[in-house]
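Subject: Structure for you, with notes on what was found

Dear colleague,

I am handing over the structure we spoke about, together with some notes that may help you as you look through it. Please keep it open beside this message while you read.

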Amino acid sequence: MAAQRIIIDSRSTAPWAGSHADLKVVNDTLSVCFQDLREREQSEWEAANPEPEAVGADATALEKIAAEHHRLSHRISRLTMDDRFTDFCSYELLNRPIRVMGSFEEISPSLNSERIKYLYMAQSYFRDDIRRNVSARFGSRGVEVTVDGTDPLWVESTASAIAQNLRRGKPRWAPLLSPWGHLLSQLAFVSVVAAIIWRLTAGLGGALPWWGLIATVYLSFLAMGYSESRNWLLPRVEIYAPGSQPAGTAHVKWVGGAVGAGLLVVVVDILLRG
């Protein structure tokens, strides 16, 4: 038999924020990708393996042994069919070297409010010359989706369906992570900080030298542009506990409120002192 060509489709989505229930939706989406195969396998197996007939009470010992052997063979054949489908999931905590592995249904109860370093889920199907595999990895830089298989149409349609599902998890502050959104947020933050320092020094009877204003603007740009502070403020991937909200949403509210309050102080100061 000639070797089958494996087609791989990899895509990335960011930002993404979701609860444990949203993770289950993604896992269910991966499972749906194999629904047609499961139905076909089930139909073929039932046609080739009819249910064993029960023996009567008056059956001989040899007939009962043969019936039990038939029943066990039937069960083993069913398990062999089920083993063609595999379901795997693992995650690692950020602040503790603990890794949990199993199926999603097995490990989902252990998910809690602790920050997760990564979460990986995958489902596969292998039979003879047919291969299908889908996976999603939730990491600090984004959600990476990988689909591979011997059917190019299935690979492309499955990757598109999973990517579309993940795009529904984009938080409201996602535009702030775009190049223009990040630049505009930097300008807004820097402008308010510079205005506050300018009015503060003026109120103290002094005047901020030009080099001091430039240094303030430069340091503010560094603070907003530093990758660690930006990732803390607006995480590219966040898994939060049920009943809570994404940390990015809370951070935007805090920073937005602080910037708004600072701008209001500057406006009031200008109105009062000119």
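Is asparagine 165 buried or exposed? With a relative accessible area of 12%, asparagine 165 is buried, because buried means under 20% relative accessible area. Please bear in mind that this is a predicted model, and that this value, like the others below, is computed from it.

Asparagine 165 belongs to helix α5, and, when residues up to four places away in sequence are not counted, it touches Val25, Val26 and Thr29. Those three residues are among the ones through which helix α1 meets helix α5, and the pairing of these two helices is what I would like to describe next.

Helix α1 covers residues 20-32 and helix α5 covers residues 152-167, and their axes come within 10 Å and cross at roughly 165°. Since angles over 145 degrees count as roughly antiparallel, that angle makes α1 roughly antiparallel to α5. The crossing in which α1 passes α5 is right-handed. On the α1 side the residues that take part are Val25, Val26, Thr29 and Leu30, while α5 contributes Ile162, Asn165 and Leu166. Sorted by class, this contact has five nonpolar residues and two polar ones, with no charged residues.

Isoleucine 162, which is also found in α5, has a relative accessibility of 1% and therefore counts as buried. Leaving aside its neighbours within four places in sequence, isoleucine 162 is in contact with Thr29, Leu30, Cys33, Val134, Val145 and Val147. The C-alpha atoms of isoleucine 162 and threonine 29 are separated by 6.7 Å, although the two residues are 133 residues apart along the chain.

Aspartate 22, which has its place in helix α1, counts as partly exposed because its relative accessibility is 30%. Its C-alpha atom is 9.4 Å from that of leucine 166, with 144 residues of sequence separating the two. Once neighbours within four places in sequence are left aside, the residues in contact with aspartate 22 are Trp16 and Tyr240.

Away from this helix pair, serine 90 lies in strand β3, which spans residues 85-93, and at 4% relative accessibility serine 90 counts as buried. Not counting residues up to four places away in sequence, serine 90 touches Val100, Met101, Ile107, Tyr118, Leu119 and Tyr120.

One detail of the backbone may also be worth a look on your screen. The peptide bond that runs from alanine 14 to proline 15 is cis, with omega near -5°, and proline 15 sits in the loop between β1 (7-13) and β2 (16-19).

As for the chain as a whole, there are nine helices and eight strands, and 35% of its 274 residues count as buried. Among the contacts in the chain with a separation of 6 or more, 63% are accounted for by residues 24 or more positions apart. The chain exposes about 16,800 Å², of which carbon and sulfur atoms supply 60%.

With best wishes

Conventions: Residues numbered from 1 in each chain as written. Predicted model: local features only at pLDDT ≥ 70, side-chain atom pairs only at ≥ 80, totals over all residues. Heavy atoms only, no water. Axes fitted to C-alpha atoms, helices over the stretch in contact; angles between N-to-C directions. Helix = DSSP H or I, 4+ residues; strand = E, 2+ residues; numbered from the N terminus. Parallel < 35°, antiparallel > 145°, perpendicular 65-115°, else oblique. Left-handed = near helix turned anticlockwise from the far one by under 90°. Contact = heavy atoms within 4.5 Å. Nonpolar A, V, L, I, M, F, W, Y, C, P; charged D, E, K, R; others polar. Buried < 20%, exposed > 50% of the residue type's maximum accessible area, 1.4 Å probe, protein only. Areas by Shrake-Rupley, 256 points an atom, 1.4 Å probe, with all protein chains shown as cover.
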